[in-house]
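Welcome! Here is a short tour for anyone meeting this structure for the first time. Please have a look at it before reading on.

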Amino acid sequence: MKIKDVGIKVEVKGKLQPRYVYIHHSASHDVSAKEIDSWHRERGWRGIGYHFVVRQDGSIEKGRRRDQVGAHAGPDRNRDSYGICVTGNFEEDHPTKAQVKSLTALCKFLKEDDGLPDDFIRGHFDTSPTACPGKNMPLDKIKKEVSKNPPTEGATKQQLSKNFQRSEFACKGTGCCGNSAPVDDRLVQGLQQLRDLAGGPIFITSGFRCQTHNRSVGSSPTSQHTLAKAADIQSRSLSPKKLKELALQVPAFEQGGIGLYNNFLHVDVRKQRT
């Protein structure tokens, strides 16, 4: 699966915290991401509202960056969802086989790469009073294929390193993001180095936090946990103080953030030391 960068630049504030993927149709002919970008700018938007556009030949074009908040599912869902536009009008026609194949592969990739929960695929009609993505879009078939297919080439697997799995970093909130588990690779590698230094298991008591869960625990809205760059950790054999001594030997943490607490150690991979 290849995603073509067509040179679109959109400047928006806010960082996406993906929980869902919303599928749309363009309700038009086979149109490029650049043309959709022009349509949306003519509406007074900052640029294309979607993150991806799937063309009729199955090619995938990049819209907004994956870390940017979109403009496709309304204010309540834009901040926690990717937007994928499939070109065509699927109230009248059917998506091509190539489009369905590419859309399925893309959804599979995003699920694995961001640790999205099982119910992450939605149609635009699930959040707005619209027929989009059209009655002929085979959403149920795509959901079924995504749930059973083997991992997509290039996607992140559940085993992130020798001793850490994605599920260990999952948000621990209830009734919020569905236990999403995005994680910065530098955090994983730093924790693996720390575990090797410790010579035994390290337990993650708090990894990623969606904003809802983050608010519920009284943490700062700019917490590194909300950016998937932080972990609170414990060891059964080492005190938090001893863990801190070892963490200072890990470049990612020594250059980032280390916080010592009574019952745990906080580490993160922010760009500037705190």
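Which backbone nitrogen lies 2.8 Å from a polar atom of the side chain of Glu 61? It belongs to Ala 33. Bear in mind as we go that this is a predicted model.

## Around Glu 61

Let us stay with this residue for a moment. Glu 61 lies in strand E4, and at 8% relative accessibility it counts as buried. The cut-off explains the label: Glu 61 is called buried because 8% is under 20%.

Leaving aside neighbours within four places in sequence, the contacts of Glu 61 include Ile 3, Lys 4 and Val 6, as well as Ser 32 and Ala 33. Among the others are His 51, Phe 52, Val 53 and Arg 55.

## A sheet of six strands

Strand E4, the home of Glu 61, takes part in an open sheet of six strands. Their order is E1-E4-E3-E5-E2-E6, and the pairing is mixed. Strands E1 (3–4) and E6 stand at the edges; each has a single partner strand, so one side of each is left without a neighbour in the sheet.

How do E2 and E6 run, and how many bridges join them? They run parallel, joined by three bridges. In one bridge, Ile 23 is partnered by Gly 123 of E6. As background, strands of a sheet pair through backbone hydrogen bonds, either parallel or antiparallel.

## Salt bridges

The model holds 16 salt bridges. Side chains of opposite charge can pair when their charged atoms come close. One such pair is Arg 55 and Asp 30, with an N to O distance of 2.9 Å. This pair links distant parts of the chain, 25 residues apart: Arg 55 sits in the loop between strand E3 (52–54) and strand E4 (60–62), and Asp 30 in the loop between strand E2 (20–25) and helix H1 (33–42). Arg 55 counts as buried at 16% relative accessibility, whereas Asp 30 is partly exposed, with a relative accessible area of 27%.

A second pair is Arg 186 and Asp 184, which meet at 3.1 Å, N to O. Here Asp 184 counts as buried at 15% relative accessibility, and Arg 186 as partly exposed at 38%. In a third pair, Glu 245 and Lys 242 meet at 3.5 Å, N to O. These two residues are three places apart in helix H6 (residues 240–247), which means about one helical turn separates them. Both count as partly exposed: Glu 245 at 40% relative accessibility and Lys 242 at 36%. Elsewhere, salt bridges that share partners join Arg 19, Asp 119 and Arg 122 into one network.

## Helix H2 and a buried arginine

Helix H2 covers residues 97–114, 18 in number. At 1.5 Å a residue it should span 26 Å, and its end C-alpha atoms are 26 Å apart, which agrees. The helix is mostly covered, with 13 of its 18 residues buried. Just after H2, Gly 115 takes a positive phi of about 65°.

Now turn to Arg 166, found in the loop between H3 and helix H4 (185–198). What is the nearest side chain of opposite charge to Arg 166? It is that of Asp 113, 5.1 Å away; Arg 166 is buried yet has no salt bridge. A polar atom of the Arg 166 side chain does lie 3.4 Å from the backbone oxygen of Glu 112.

## Details in the loops

The loop between strand E6 (121–123) and helix H3 (139–148) contains Pro 129, which counts as exposed at 90% relative accessibility. Pro 129 and Gly 218 are 35 Å apart in space, C-alpha to C-alpha, and 89 residues apart in sequence. Pro 133 also lies in the loop between E6 and H3, and the peptide bond leading to it from Cys 132 is cis, with omega near 15°.

Two alanines have a positive phi. Ala 27, in the loop between E2 and H1, has phi near 55°; Ala 228, in the loop between helix H5 (211–216) and strand E8 (230–234), has phi near 65°. Are they buried or exposed? Ala 27 is partly exposed, with a relative accessible area of 45%, while Ala 228 counts as buried at 7% relative accessibility.

Notes:
Residues numbered from 1 in each chain as written. Predicted model: local features only at pLDDT ≥ 70, side-chain atom pairs only at ≥ 80, totals over all residues. Heavy atoms only, no water. Salt bridge = Lys/Arg side-chain N within 4 Å of Asp/Glu carboxyl O. Helix = DSSP H or I, 4+ residues; strand = E, 2+ residues; numbered from the N terminus. Buried < 20%, exposed > 50% of the residue type's maximum accessible area, 1.4 Å probe, protein only. Expected span 1.5 Å × (residues − 1). Lys, Arg positive; Asp, Glu negative; His and termini not counted. Polar contact = N/O pair within 3.5 Å; in protein donor to acceptor, adjacent residues only side chain to side chain. Pairing = 2+ DSSP bridges. Contact = heavy atoms within 4.5 Å.
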